[in-house]
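Me: Could you walk me through reading strand pairing and helix packing in a model like this one?

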Amino acid sequence: MNNVYFDNSATTKVDDEVLKAMIPYMQEEYGNASSIYKLGRESKKAIEDAREKIAKAINAEPGEIYFTAGGSESDNTAIRGIASKYKNKGNRIITSKIEHPAVLETCKSLEKEGFEVIYLDVDSDGIVDLEQLKNSINDKTILITIMFANNEIGTIEPIEEIGKIARENNIVFHTDAVQAMGSIDIDVQKMNIDSLSMSAHKFYGPKGIGALYVRKGVAFEKFITGGHQEKNKRAGTENVPAIVGMGKAIEIAKRDLEEHNKKIKELRDYYLSEVQKRIPYIKINGSLTNRLPGNANVSFRYIEGEGLLLNLDLKGICASSGSACTSGSLDPSHVLLAIGLPHEIAHGSLRISIGKYNTKEEVDYLLDNLEEIVQRLRNMSPLYEKVKREEK
């Protein structure tokens with residue numbers, strides 16, 4: 001096999017239906033949505049149609065949806081924008097230790113500007129401590145931002161309970177739902193969510209387009225100044241083809257949610273079952289019950305994740321590691337450390353994320369190569385040799 005893709009948490013292939021919907025807005029319907037002539041009005045209508053689809057997908061109103069360039073911009077806009085608007089009320093923000101860098105780095109930046117940030121602990125499955133959350137709230141707390149589902153270990157947080165706590169204390173609640181959108185049925189009304197970030201390329205839409213939901217009545221500062229696009233909240237000519245693609249992608253994701261999740265979960269459970277049978281000295285990371293359907297994060301003791309990734313790549317297999325090797329850092333994932341893994345185990349972690357285009361044949365190909373590669377890498381480890389000698 002030339003290219004076997006198991007990194008759908010990083011990005012997904014654009015769906016054929018999505019691409020087909022986008023193409024006209026690159027060639028025929030290419031008008032600027034701010035123009036008043038027909039070509040511009042057609043682009044404006046396409047944007048509003050997509051806005052309605054996204055709002056419907058999360059049980060929001062179209063006027064509560066703002067288009068952005070992706071998940072990181074949505075997170076930045078929500079956290080910075082809300083903090084700025086409510087700073088006269090207080091300066092405390094509550095988040096968790098396992099958030100995406102788009103949230104963590106934004107919070108760290110706000111600390112330098114005088115905001116106080118509380119970073120909640122998580123248990124060994126990656127679930128936030130709700131009692132610590134309650135105890136961290138004071139009269140200066142203006143924002144709670146907790147991710148819907150973790151991008152590395154797949155754990156789904158108790159979002160409805162967190163939303164209830166925030167609502168009872170009159171605190172704005174934002175969730176980074178970038179990994180959850182398209183995989184979980186989300187209802188912002190039922191879940192008491194005030195603000196939500198999403199990105200199209202996580203659910204078979206194009207890259208470079210995202211959206212931010214902000215409940216009507218919740219104030220936030222504009223992030224990009226200039227023109228009056230996006231209800232005067234985000235200046236810049238709209239990326240109409242990408243917006244159309246995002247609307248189509250979420251429509252498909254909602255339509256096929258149950259069917260695709262069933263298939264994806266079956267493949268993931270098969271993979272985890274076979275890994276446990278074939279390869280000793282492993283640990284499955286994250287919750288086994290409250291978990292994204294396609295996520296499987298496994299630590300392989302006595303090897304380095306970088307070596308595992310490189311060897312898989314030689315076999316045409318795309319996956320990701322528990323170490324931030326792509327950034328030039330050999331530090332293990334902050335998420336794996338937060339759930340209590342020691343450095344040496346966190347270093348040997350592999351995340352695969354199964355998507356709707358994956359097959360059982362591909363999973364078997366991964367398993368066969370993984371078994372061989374892990375054994376070969378372990379045979380080069382003095383620590384593994386010591387363990388084997390002690391077992392004899």
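Me: How many bridges join strand β12 (residues 320–321) to β13?
Reply: Two strands pair if DSSP finds at least two bridges between them, strands being DSSP runs of E with at least two residues and helices runs of H or I with at least four, numbered from the N terminus. Here 2 bridges link β12 and β13, which run antiparallel, and S321 has L350 as its bridge partner. This is a predicted model, where local features need pLDDT of at least 70, side-chain atom pairs count only at pLDDT 80 or more, and totals for chains, interfaces and linings use all residues. Residues are numbered from 1 along each chain as its sequence is written, and side-chain values use heavy atoms, without hydrogens and water.

Me: Which residue of β13 is the bridge partner of V298?
Reply: L350 again; strand β10 (residues 295–300) pairs with β13 in the antiparallel sense over 5 bridges.

Me: Which way do the side chains of β13 point?
Reply: In a regular strand they alternate between the two faces of the sheet. In β13, S349, R351 and S353 point one way, L350 and I352 the other. Because 5 of the 5 residues of β13 (residues 349–353) are buried (under 20% relative accessible area, 1.4 Å probe, protein chains only), the strand is largely enclosed by the rest of the structure.

Me: And where do α11 and α14 meet?
Reply: Contact means heavy atoms within 4.5 Å. G307, L308, N311 and L312 in α11 meet residues of α14 including L366, L370 and I373. In α14 (residues 360–378), those three are buried too.

Conventions
Expected span 1.5 Å × (residues − 1). Buried < 20%, exposed > 50% of the residue type's maximum accessible area, 1.4 Å probe, protein only.
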